[in-house]
Amino acid sequence: MLGLLSFSFATPSGGYSASTFGGSSQAIDRADMEFKRAIMAVREAEAAGADEDRLRILVEKLNSALWMIDRAEILLLQGDVVGASAQAERSIEISREIVSDAVKLRDESVQSAYYGRVFTFGLVPVASLLVTAGAHFGWKWWRRREIDRTMRMEIRGLKERKEEE
Amino acid sequence: MARLSEDLKRAVTIFISATMVFSTLAYVAVTPRPREQFYQIYVLGETRKAERYYPDGNPNILVGRVVRWYLGATNFMGSVQYVVIKVKLGNSTIKAPDDVNRVPSPAPVLLEFKKVLMSNETWEFPFVWEIREINADDGVIYPTVFEINGMVFRNSQVGALRGHNFRIVFELWSFDPESGRVMFGWRTGVERRVAWLQIWFNATMPGT
């Protein structure tokens with residue numbers, strides 16, 4: 001995105017009243033405000049854990065809106081008031097679309113994150129039960145094996161003693 | 001009965017211990033880890049490496065001589081960020097940005113590059129510039145017309161004696177949600193940080 005601004009980039013051509021320029025300039029200011037609102041909305045969606053691919057689409061739209069504001073400023077400097085206003089209005093439209101999409105995405109993400117947390121914490125007692133059952137039956141199996149081993153050793157000892165006699 | 005109660009006691013102990021361990025794991029899994037928040041800004045030479053910043057290694061830039069750099073920024077803030085890189089033209093007397101007080105350079109802005117960056121995204125683009133016109137006034141040289149990335153920019157304020165020690169300053173500005181404005185540097189918690197770069201050059205008149 002190339003911002004304009006230079007020490008003197010271009011001078012507006014004559015034929016436009018100050019109020020016409022003022023109107024365009026106001027449209028650019030509004031576009032700038034809407035753009036900032038759109039950024040905040042996207043950041044809220046991101047903080048709610050929005051999907052990266054869907055966020056990327058919103059960021060691309062943000063960059064389009066930003067490009068249009070830049071373009072409007074350049075056109076205004078070149079004296080194309082109508083073109084500048086049109087670009088600014090289009091940027092406002094895109095920014096509003098972004099806000100609306102971002103709010104939807106945020107709500108979806110909040111819900112999905114909630115279900116994700118419920119699922120994760122819901123797994124805790126299930127996993128604990130599995131571990132408990134595993135430990136219980138493992139302990140029983142090991143104990144039986146040890147008893148059998150001891151019994152076998154004792155029987156073998158008895159047999160050896162009998163053979164010696 | 002005694003046997004059963006012993007088994008039950010053991011099972012309850014294991015269940016409680018396992019619940020504690022798994023709860024901790026679940027908490028760690030759903031809680032985002034705090035990390036350092038910062039930006040990276042860089043300028044590369046014509047080979048896209050940190051070398052060959054001047055044509056033929058000569059910092060004396062002649063009128064019409066094209067200089068190609070690559071300018072880049074990476075967002076390590078952990079969230080979507082609106083970034084502005086301000087390009088300023090300075091000389092040896094105009095102050096550089098102040099790292100301690102986080103004040104930008106008072107040098108006039110040539111142009112701005114703006115972009116919204118995803119978390120961890122790197123934005124790199126060519127910065128191709130040349131001095132198109134130059135004026136000399138009592139030994140002070142003014143590069144009056146620049147062409148940057150195909151666009152023409154005029155300067156009438158910044159000059160330098162014999163054309164020595166001009167600098168192009170790149171400052172990183174970012175959108176601050178608290179104030180709703182674009183500010184020099186960025187906030188990370190209660191701290192504020194800044195990032196900027198500069199490259200020096202001499203503007204030389206043809207035939208000197």
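Helices here are DSSP runs of H or I with at least four residues, numbered from the N terminus. With that in hand, the predicted model can be walked through one chain at a time.

Chain A is a helices-only affair as far as regular elements go: there are 3 helices and 0 strands, and reading along the sequence gives the pattern α-α-α. The middle one, H2(A), runs over residues 52-77. Its 26 residues, at 1.5 Å each, should span 38 Å, and the end C-alpha atoms turn out to be 37 Å apart, so the two figures agree. After H2(A) comes A:Gly79, which has a positive phi, near 95°.

How do the residues of chain A sit against one another? Of its 165 residues, 29% count as buried. Among the contacts in chain A with a separation of 6 or more, 82% involve residues 24 or more positions apart. The largest nonpolar core has 72 residues, and those touching the most other members are A:Val42, A:Leu62, A:Ala65, A:Ile69, A:Ala72 and A:Ile98. H2(A) provides the largest share of this core, 12 residues. A:Ala72 makes a handy example: leaving aside residues up to four places away in sequence, A:Ala72 touches A:Ile28, A:Ala31, A:Ala84, A:Gln87, A:Ala88 and A:Ser91.

Chain A also meets chain B, with 34 residues of chain A in contact with 34 residues of chain B. On the chain A side, H1 (18-47), H2 (52-77) and H3 (81-164) each supply at least two residues, and H3(A) gives the most, with 12. Sorted by type, that side of chain A has 20 nonpolar, 8 polar and 6 charged residues.

Chain B is split by the domain assignment into domain 1 (1-31) and domain 2 (38-204). The centres of the two domains, taken over C-alpha atoms, are separated by 60 Å.

Strand E10(B), residues 166-176, is a good place to look in chain B, being mostly covered, with 10 of its 11 residues buried. E10(B) pairs in the antiparallel sense with E4(B), residues 81-90, over 8 bridges, and here B:Val169 of E10(B) stands opposite B:Lys88. Another antiparallel partner is E14(B), residues 196-204, joined to E10(B) by 6 bridges; B:Glu171 stands opposite B:Trp196 in this strand. E11(B), residues 181-184, also runs antiparallel to E10(B), with 4 bridges between them, and B:Trp173 has B:Phe184 as its bridge partner. In the hairpin of E10(B) and E11(B), 4 residues lie between the strands, and B:Gly180 takes a positive phi near 75°.

How values were computed: Residues are numbered from 1 along each chain as its sequence is written. Chains are lettered from A and ligands numbered from 1 in the order in which they are written. This is a predicted model: local features need pLDDT of at least 70, side-chain atom pairs count only at pLDDT 80 or more; totals for chains, interfaces and linings use all residues. Domain bounds come from an automatic or database domain assignment. Two residues are in contact if their C-beta atoms, placed from the backbone, lie within 7 Å. Ala, Val, Leu, Ile, Met, Phe, Trp, Tyr, Cys and Pro count as nonpolar, Asp, Glu, Lys and Arg as charged, and the others, Gly among them, as polar. The expected span of a helix is 1.5 Å times one less than its number of residues. A residue is buried if 20 or more other C-beta atoms lie within 10 Å of its own, exposed if 12 or fewer, and partly exposed in between; C-beta atoms are placed from the backbone. A nonpolar core is a set of buried Ala, Val, Leu, Ile, Met, Phe, Trp, Tyr and Cys residues joined through C-beta atoms within 7 Å. Two strands pair if DSSP finds at least two bridges between them.
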